[in-house]
Each structure stands twice: as C-alpha cells, then as structure tokens.
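Work through the exercises below with the model open beside you. Try each task before reading its solution.

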Amino acid sequence: MVLNLLLFTIAFVTFLQDVGDFNLGIDQFVTTDHKGVAAGKPTPGRMSMATSLCFTLLSISLGLVRFNNDKAKKGASYLSLIVIVISFFAIVTFIYNIPTFDKVSFISSMAIHTAIGFFIAGLAITLTIPNHGITELFTSRRIGSYMIRRMFFQLTTACLLLSYVILYYYRQGYFAADFSITMVAVIVIFATLILLVIVSRSMNSIDREKRAAEEELNVINMYLNATPDPLIVVNKQGTIELTNNLMSEVFGYTEEELKSKTMDSLIPVRYHAEYKKHFKYYFDYINDVEKKGKEYHGSSVIEIYANKRGGEEFPVEMTLNSTWSPKGLITVAAFRDVTRRVNAENKLQAALEASIIGIWDYDILQGKLHWDETMYKLYGADPEKKESLYDLWTTRVHPEDRNKIETLLNDSIAGHSVYDTDFRIILTGGTIRHMRAKGTVYRDENKKPVRMLGTNWDITGQKTLEASLIEAKKAAESASKSKSEFLANMSHEIRTPLNGIIGFTDLLIKTPLNESQAEYLKNVNNSANLLLDVINDILDFSKIEAGKLELHYEEVDVYELCEQTIDVIRHQAEQKKLEVLLNIPPDIQRYVYADPVRLRQILTNLLSNAIKFTHTGEIELHLESRIADEDENKTYFQFSVRDTGVGIASDKLSKIFGAFDQEDSSTTRKYGGTGLGLTISNKLLALMGSKLNVESELNKGTEFSFEVQFEIPDGKLTEKTALFRNVKKVLVVDDNESNRRILEVMLAEMNIESLLANNGIEAMELLEEHKDFDFAIVDYNMPYMSGTDLISQIRNTLNLSADNLPIMLLHSTADDDIIFKAIKDYNINFNYTKPIHSGKLKTVLDRLANYSTATVAIANGKSISLQVDDVVSFSGENTTILVAEDNPVNQLLAREILMKIVPDANLIIAENGKEAVEMYQTENPDIVFMDIQMPEMSGLDATKKIRDIENQQDKHIPIIALTARVLNGERETCIEYGMDDYLSKPIILDRVKAIVKTYLIK
C-alpha cells in the first residue's frame, strides 16, 4: 500500500508539472540527465505526460482493487481500461510510424516498450476483476456480451489492417487525405455490418437455445410439481433455495416462508444431530465428487421425523439426490410420508408378539441355536432346561421328514437353495403337528455364512383343511365323472329308441300313404324330433355350464356350411309355406378355420327360432365378410338371420337370453321349446369371442346377428368374381321382393345386367320388349301364373327354345313330382331347390358359359340338377356294406335306409365289435358303419383292431361312427381311434345318403 502511494505521488506530481507548465526540480533530483540537457530538452529527465498519467491511473486502480466493494472494483476496471486504451494507441502510432504528428504527440511521446508494459499491466488488473466494469461485457453470458466477444477482436483487427493499408497508399500518393479518411470510415462501417450479419446468426442460435432452456426449465418445474413427494433444493449449508407446491400442502409453509430457512426448521430438535450427521456424510461425498471429477452415483436415504408448521411430527423417508447444473452439483431433498407404513409395521410387530410365530436364531460359526419363548411353546419344551436346542429340534422332527429337512437346511447354508418348507413334529405325548419353516442366511464380506434367522409356525389346521379339500375335490371329480358317464349313458339310452322312431317314421313318410296316415306319421316324427331337440339343448347347456365344451377348428367351406344349415330347416319352412332366402355375396371369403359343428348349431338355432315365430313371409340368412385390418390372414364374418315374424317387445329383449327363459310364459305353451337355444348360442359365441345382437319390432319381425373372426387357410384367399362374357343380361322372375333383390345383387357383382319381374305376366311383357336375354331365373311358386306355366308360354307361345333362352327353375322339395315332369315337358335347363346362393349361381353360369345347354338337356334326357341326387344313379352293385349294431331296431333301420340308397349292395350285420372284426376279415367290406357302444367289444376297440390289420395289408376302408352319445370330444375320440366320419343318432336318410356319396361314389 505504501509503495502504491509513493508511485501515485511521483506520477501525479509529474503529471501536474506538465499540465501546469511548471518545474519543481524533482525530475533531476536523484541524477542529472546530461543527454537531455545536451539535446536542449525543456524538461530533461522527466517522463512523458502519457507515461505519468498511466502510472497515476494504475496506482489508483491498484488501490481500489484492495477494497471489497463492487463500486471500487468497477472504478478500478474503468481506470485500467483508460491505461489500456492510451498504451494501445501508443503502440499503434509506433506501428503506423506517426510519432511526429502533432495531433497524437501526447500519445506518441510514450516509448514503445513503455506502452507495451502499460498495456500488459492494465490488462492484468482488469482480468483480476473479470465480473466488474467494462470487463463484465466480455465475460457475461448475456446476448450483448456474446456479441462483443464475437465482434470486438475481429472488428479491431479488421479496422487496424484496413486503416494501415489506406495509410500506406496515401503515403505513396495514391489517395488524397479526404478520400483516405472517407474510405476508412466506409470500410469500417462495411466491416461492422458484415460482422453483424455473421454474429446475428449466432445470436439467433443462442436465442433458440435460450428458448429451449426456458422450456426445459418449465418441464423441470412441472416435473418437480408433478412428483408425489414434497421437494426442496438445498445448498451445502442446508439452506432452502427452492420448493415445490407439495411442500406447502404437506408442511403448511408457503414457498416464501421456506426460502432462506434451514433444514432445522423442518426437523424436530431431538433429531438435529442425526440429520446433520447424515448431511455431513453426504456433502463430504459430493465435495469429493466435485474435486476429483468423479461420476456421481446414487442417492442417500434416511428415515427420520419431520415437523409441520403447527408442530405436528410425522415419520418421513428423506432422500438426498444431486444433479449437475452450470453452477455445479445441486442437491434435492425429497420427503415421503411413511406414516401408514410405520403404523403397519408397529401393528405387525404387536401381532408378532401376540401371535404363535416362533423366531429362531442359528449361530453357524458357534453351532448354537437360540429360540424365543414361542418356539419353546410350539415344540412343547421347557426353556428352563439346559439342553442343546439343535438336538431337541432334531428329535422332535418326524423321522420320515428328518433327513429331508436337515438336507434342505445344509443346502440353504451352502447357498444352493432357499429354506422354505413344512414338516411334521412329534410332541412328548405322541401328538403330531405340522410346522411351517422359513429362514434367511446372513453372510460376511467374504460370502461366508455366519448366521441364519428364521421362523416356525403351526399349520396343522391348514393341513387338515387341505386334506379335507383334496378329498372333497376327488369326490367332486368322481361325481363329475359319474355325472358325465350318466349323461352319456342316458343320452345313448334315450336316443337309441328315438333313433328307431325318427328313422322309421322318416322312411314311412316317403312311402305311399293316405292323408290321415301321412298326418299321423308327421306328428309322430315331429314329436320325436322335438324331444330330441330338448335332450340336445339340456345336454349342451350342462356341458357349457360345467366348462366341458371346447371348440375344435378345421377347414370349413362357408358356402357349404350355410347350405347344409338351410337344408336342415328347409322342411320346417316349407311346411309353413315360408320363403327361405340365402344371401351370400359372390366375393365372400369361402374357406376359413372354424368349428363347423358349433357354428352350424348356432345358425340352426337362430333359423329354427325364426321359423317357429314366423307365420307368413320369409326367413333370410345373410352373410358378409371383411379382411381384418390388424391381420390379413384373418377375416371377420357378419352372420344375420332375419324373419318377418311376430317380433319381440322392446322391454322383453334382455330376457330372451336367459337360460330357460322366453319372452313370457305363454310363449313356451304356444310355441314349445326349452328356452335354452339362444342361451346356448350366446355361450358358444362367447367361446368364439363374440355375442348375439338383436333388433326387433313387434308384429314386424326380428333380426339376430353376430360377428366372428376366423383364420384363412394358406392359399385360400377368395378369388375375384369371374366374368361370364356370353351371359350379359338375365331375366329374374320371382314374386318375393327380397329374393329378387338378392339375385340382382349377385348378378351385378358378376357384371351381369338383370331385369326383375314380380310375376309371370310382367315376365312375358319384358320378354316381348327385350329380345336380348341370355338366361332366365324363374321361381315355381308364384301368383297368377306358376313358374312352369310361364316356361310353357316361353317355349310354346314365344317359341324360345332351351338353346335360345336357357332357364333355371327355383322350387321347394315339396314340388319335386311336378318339377320333374315339367323338366321333360318344357326342356328346362337347370333346376335348383331354393334358396340358391352365389356359389351355386356361379356354377350354373359357368356350365352355361362352357357347354351347349341344348346338347346337355338332350343328351341326359333331363335337366341339370344341382342337388346331391347323384346317389340315385349308384345302386351299390358289387359293393359290400358292414353295419355293426347291437340294437335290433337300429339294425332294421340301418338296413331299410341303406337299401333305399344302394338297393343292390351286399349288406351284412354284426351284433358286436368282436363280430365286426371277424366279418371285416372274412367279408372284405367296402365301408363299415360302426356303433360305439356294443357288448363284448366296443366300436372304438373294434376300429383300432381293424386299423392294426390294415397297417399290415397297406389298405384303408372307410369306417363311419354311429353313436347316440353326445359327450364333449366324442367326435375327436372317434377320429383318434381311426374312424373316418361321425354320424350322431338319430340316423336319417339324407345324412346316410351324403356319407355314401362321399365314401362310395368315386
């Protein structure tokens, strides 16, 4: 400080001499400047005015730096800057070689080495206080400071270089003085603009970064306030700097009240030492991280009590965690209220103390076992006796369990297993008790086991209950098995006589009968079928309720399945003179993986209900499909069954799906049935991941629908609709509007134009008006003029031959005799039993497109029928059929049915499975119909033996199962034993006919 004051005095007095133009004689006080005197200097030995001024300013700056005051440091910074500027200009005048210019003589009088020294000294003082004065503009993080940092040095360098170049050329005589000055100004401005453009891009980038930082800060604040725990940010002194909203809610303090407070205000006094010790340990670790540049890992947790504003104490889990920031590591303290957990632990501890859970502690190193009081009680031991507890324990353990338990204990200590088991003990009086035991092994730093701590508790009551439950489960399973067997046997016993009743009445109905006989037989047949339906419904419902029913998927032709379903209910509909419509678009996905039996059962239930509750009008089965968006190998199918029946009242819709429920009690009396049909259908659909939907209007009709997803077999995607180029225009004649609409849509999707007629008269008018029809579809049963009458007029009056206008006649099975006669009389090209679907229609058009219809009609002498009537042409000559059936009635029925289908076949009967195997070997049959339940040897065992014989002979004869059992998986069991197909009793003509066609007609 003294030296600094001396420097200031000398420099300031010298500066005053120059300013006041006087001489105090101090310049040569120490020694005489002989050279200066000789040179005639006015003030020999005196430093220049610029030098004395710089020394004065530097001495003042050094004095101000010593004060710990922002204003003093700012003054020191500015004074040092003046020194830097003066010395800088002195250096520039030397470099530019202009020391003699009068206008800069004050500066140019300073020697170059002196100027450099002052420049360095001023810069050094400025850098010691970088956050004050003009230097702050260079060191600040603000955008303006960034701009100065980017522009100052570049602009200074550019200006110096440009001004030097202009001065040089000025001195060479290239520029005038005024032009040179102007040029310097222009270039400086231009350089400044260029640098501004460059810097502005960086400033924009900084602005974006600033916005991103602000957004990040907002996210952090949102995160802090979104956390489930109160949070505070503290510094290393434990002072609170920031809080989240939950701190105010939980502790009761406002954010302003908490800021600048210490952790002492949140922690009760008696816990201060504990938490401060924890803080010290944690911050020592943080300081070590900062000093050594280590990577920060983990957090620190302590359980302690906290204070709310009102003085209420509550237990908390305080977690300390740190994260990096521009200022270094910042520490966050989170408080989690653990009152509920602590209370629960206290209750658990109290419960343990009051419970019968014994605690044992095994010192592995010393080989000593310690028990608490409860353990002594559990093992019936006296704690006063001094005996080895380990020996006592092993003697109490049941001898059959001892080796197992000791082995598990040793394995647990070795680390090979977990000690968690149960065993039996024998008390002094011989009483056997069951114990549950758990234990945990504790190890030292070398992983060596040193201690094992565990528990025992009595589970005798639980074991007794488990044993009783196991017995009950076995009894229930036995009862369930007995029930299943009973259901199977009852099904067989009931269906066997029904098989005879339904089969023989079905045969009798097809024989010549008078009107009364036919009516009686129909009533018998219907009653038997109704009884069979009731039995089937009850059995299905029982299986579903018991969870025994499963779906079995296989490749299914949707067209064929719908057609078969219609065939089942067609007779019922014809009896009530109802129109049955099958509406399947031509482009529908045809082949899928589905359970055909259950899907057909659902559709049959819905169609049968529709017929039951419809007196006049029509029944429609409509089908649509769409490829699943999520998987192109799966297809959604929408099935709907619509009728024009009595409908259902809106307040009764929910009731119809209940088991044994119908719309009201009078429905059962009026229409019959168990009320299980819809329930079973809905439960089956639930297994398929769907459900029934219903829309109905009273006295107008009902529509049931459901949507199911099926997988598409590989390579079986639906092909595009074929184009029939020689069939461009079709006449559709049908009195049913819905059927006309369906046919119109089918033809339109095949790009075929159609004209519709409501009756024969309209059809004749259209035929006279349009001469370009390629094909006609005519319904038989129409008002005013029947289909055959219309075809007679077309052939005879309009003279349109079978070649000129091919015709397909649609009819019901009840009209077969009339139809067959009309086919011959009027050269009808095709006939089909209604309803027709798009697949069959495409078949007809395909035949029409590839063959001469006249030739076909003449060659065959009859119309082409699309029904399964090809069996009629097969008489069974040179064919042997073996029927294995123990019931005489069923033997007779099978004989009658097969003789009607294949009258020339050789039919042999076996009365049991053993005979069936023998006859198979001696008679060499072409097909076997095998009953499942037979004496001596069942049908399944007989089939297995036949297949074993065939494996040696390398051949395979079709074996068809005949069964009255309807157990879940019965069909799969038959197939598993080697059977080819399955016929459920009662057996009727049409089903057997289909089997014969499949397996005998090649």
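Helices (H or I, at least four residues) and strands (E, at least two) are DSSP runs, numbered from the N terminus. This is a predicted model: local features need pLDDT of at least 70, side-chain atom pairs count only at pLDDT 80 or more, and totals for chains, interfaces and linings use all residues. Residues are numbered from 1 along each chain as its sequence is written, and side-chain values use heavy atoms, with hydrogens and water left out.

**Exercise 1. Place Ser754 and state whether Ser754 is buried or exposed.**

Step 1. Find the element. Ser754 sits in strand S19 (residues 753–757).

Step 2. Apply the cut-offs. Buried means under 20% relative accessible area, exposed over 50%, partly exposed in between (1.4 Å probe, protein chains only). Ser754 has 13% relative accessibility, so Ser754 counts as buried.

Step 3. List the contacts (heavy atoms within 4.5 Å). Neighbours within four places in sequence are left aside; Ser754 then touches Val730, Val732, Glu744 and Leu747.

**Exercise 2. Take stock of the protein as a whole.**

Step 1. Count the elements. The protein has 33 helices and 28 strands.

Step 2. Check burial. Of its 1002 residues, 42% count as buried.

Step 3. Check the surface. About 54,900 Å² is exposed, and carbon and sulfur atoms supply 54% of this area. The areas come from the Shrake-Rupley method with a 1.4 Å probe; for residues, only the protein chains shown count as cover.

Step 4. Check contact range. Take contacts between residues at least 6 apart in sequence: 64% of them join residues at least 24 apart.

**Exercise 3. Examine three salt bridges and one network.**

Step 1. Set the criterion: a side-chain nitrogen of Lys or Arg within 4 Å of a carboxyl oxygen of Asp or Glu. The structure holds 29 salt bridges.

Step 2. Take Glu303 and Arg341. Their closest N and O atoms are 2.3 Å apart. Glu303 belongs to strand S3 (residues 300–307) and Arg341 to helix H13 (residues 339–354), so this pair ties together parts 38 residues apart in sequence. Glu303 is partly exposed at 44% relative accessibility, and Arg341 is partly exposed at 31%.

Step 3. Take Arg642 and Glu618. Here the closest N and O atoms are 2.7 Å apart. Arg642 lies in strand S15 (residues 634–643) and Glu618 in strand S14 (residues 618–627), so the link spans parts 24 residues apart in sequence. Glu618 is buried, at 9% relative accessible area.

Step 4. Take Arg947 and Glu950, which meet at 2.6 Å, N to O. Both lie in helix H31 (residues 939–953), 3 residues apart, about one turn of the helix. Arg947 is buried at 9%; Glu950 is buried at 2%.

Step 5. Trace the network. Salt bridges link Asp420, Asp422, Arg436, Lys438, Lys463 and Glu466.

**Exercise 4. Which residues have the most contacts inside the largest nonpolar core?**

Step 1. Define the core: a set of buried Ala, Val, Leu, Ile, Met, Phe, Trp, Tyr and Cys residues joined through side-chain atoms within 4.5 Å.

Step 2. Read off the answer. The largest such core has 44 residues, and Phe637, Phe639 and Phe706 have the most contacts inside it.

Step 3. Name contributors. Elements giving two or more residues to this core include helix H19 (558–575), helix H20 (596–612) and strand S17 (701–711).

Step 4. Look around Phe706. With neighbours within four places in sequence left aside, its contacts include Leu599, Ile602, Phe637, Phe639 and Leu685.

**Exercise 5. Describe the open sheet that contains S24 and S26.**

Step 1. Set the pairing rule: two strands pair if DSSP finds at least two bridges between them.

Step 2. Give the order. The 5 strands run S25-S24-S26-S27-S28, with parallel pairing. Strand S25 (906–910) and strand S28 (981–984) are at the edges, each with a single partner strand, so one side of each lacks a neighbour in the sheet.

Step 3. Inspect one pair. Strand S24 (residues 880–884) and strand S26 (residues 927–931) run parallel and are joined by 4 bridges. Ile881 has Ile927 in S26 as its bridge partner.
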